[in-house]
Amino acid sequence: MQYKMTRHLLSRPTVCQLYIYACCLLYSSAPVFSSDVNKRFRARSSTSLSLLPIGTYNATSVSACAVRCVSRHNSHYFAFDQETNLCQCALTIVQGTVSPLLPSERLWDQVSDERCNMSAGFAMAALHNQQLCLKVIFSEQVNFATARARCEAFDNGRLFVSDTVDKLNLLRQIHDAVMKGSRFNLYVGMNDIVTEDEFYWEDGRLVTEEERRLLFNPGQPSNSGNEDCVMFASRIHRLNDVPCYFKSGYVCEIHA
Ligand SMILES: [Ca+2]
Ligand SMILES: [Ca+2]
């Protein structure tokens, strides 16, 4: 899937009817009908929000755009331009720097999302029946203990429990969009600090054999030189155990 910002849409100076809609509800496979749109989606307008589109279409209305995005992509986020009828579906919207808006593009109403804490830089992402709230931090490089403490300083915050391949892929997409070619490894919420080779997620669950097989890079975890903390390795898009004193970016999530 190609994740490419279509800035031309956002840069029209007269696009005063550009709305970002974000689903307030958990994913449902039920189709979206016109009358449901206002209940299931709400307009978001902010100079500091961007979306990572996964599909762009022409749609005759907001409702048609919603139907298209939900039915084709299970997408809970979209932008619709009422002047051009351009409809962009996205799996996530992110705060800030992915595609900064021009001054002429200050046309979105700020809508806060209390649970997702977007004002603190968290991004919402819909993944199957889950709604994730993630924040990728690369502006400081810290050891595991500091990364963990930073995440836990947010209400309901913790290091990201990246326990599926889909979550790793989403992390890759957000990382690549935000970093624009640079690469940062990111601490995630897994370690075997207490007992060697017994990895636990930050939610307290033991990491299963299947999770190890699917999520770690082949040959990892290696505990080479005593590695008890786990990073998302941005080049390989898989996990690797590293010494906990290594300094790295990290990814936090807000959990329910
Ligand atoms: Ca270890
Ligand atoms: Ca390793």
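Three bridges join strand β8 to strand β13, and the two strands run antiparallel. Within that pairing, Leu-159 has Cys-252 of β13 as its bridge partner. I begin with β13 as a way into this structure, which is a predicted model.

Let me first say how confident the prediction is. The average pLDDT of the chain is 74, and 66% of the residues score at least 70. Two stretches call for caution. Over residues 1-35 the pLDDT stays under 50, and the model has 77 contacts beyond four places in sequence for them. Over residues 100-112 the pLDDT likewise stays under 50, with 26 such contacts in the model.

I return now to β13. How many of its seven residues are buried? Seven of the seven are, and the strand is thus described as mostly covered. Besides β8, strand β7 pairs with β13, in the antiparallel sense and over five bridges. There, Val-136 stands opposite Val-251 in β13. Strand β9 pairs with β13 as well, but in the parallel sense, over two bridges. In this pairing, Leu-186 is matched with Gly-249 of β13.

Leu-186 merits a moment of its own. The residue lies in strand β9, which spans residues 186-191. Is Leu-186 buried or exposed? Leu-186 is buried, because 24 other C-beta atoms lie within 10 Å, and 20 or more are enough for that class. Leaving aside residues up to four places away in sequence, Leu-186 touches residues including Val-136, His-175, Met-231, Phe-232 and Tyr-250. Gly-249 and Val-251 are also among the residues that Leu-186 touches. From Leu-186 to Gln-141 the separation is 45 residues in sequence, and 9.1 Å in space from C-alpha to C-alpha.

Next, the nonpolar core. The largest one has 36 residues, and Leu-134, Tyr-187, Val-188 and Val-251 touch the most other members. Two or more residues come to this core from each of β6, β7, α4, α5, β9, β11, β12 and β13. Apart from this core lies another, of 15 residues, with Leu-52, Tyr-77, Ala-79 and Leu-86 among them. As a general remark, nonpolar side chains in soluble globular proteins tend to be buried together.

To take one example, Leu-134 touches Phe-122, Ala-123, Ala-125, Phe-160, Ile-174, Val-251 and Glu-253, residues up to four places away in sequence not being counted.

I turn to helix α4, residues 144-152. Which of its residues are buried? Phe-144, Ala-147, Arg-148 and Cys-151 are buried in α4. Why do these residues lie on the same side of α4? They cover an arc of only 100° around the axis, and therefore they share that side of α4. The general background is that an α-helix has 3.6 residues a turn, so residues three or four places apart point the same way. The buried residues of α4 pack against β7, β8, β9, β11 and β13. Strand β13, with which I began, is thus among the strands that these residues pack against.

Finally, I mention a residue from another helix. Ser-63 lies in α3, which covers residues 62-73. Ser-63 counts as partly exposed because it has 18 C-beta neighbours inside 10 Å. Ser-63 and Phe-80 are 17 residues apart along the chain, and their C-alpha atoms are separated by 9.6 Å.

Notes. Residues numbered from 1 in each chain as written. Chains lettered and ligands numbered in written order. Predicted model: local features only at pLDDT ≥ 70, side-chain atom pairs only at ≥ 80, totals over all residues. Helix = DSSP H or I, 4+ residues; strand = E, 2+ residues; numbered from the N terminus. Buried ≥ 20, exposed ≤ 12 C-beta atoms within 10 Å, placed from the backbone. Contact = placed C-beta atoms within 7 Å. Core = buried A, V, L, I, M, F, W, Y, C linked by C-beta atoms within 7 Å. Arc of directions from axis to C-beta. Pairing = 2+ DSSP bridges. pLDDT = per-residue confidence, 0-100.
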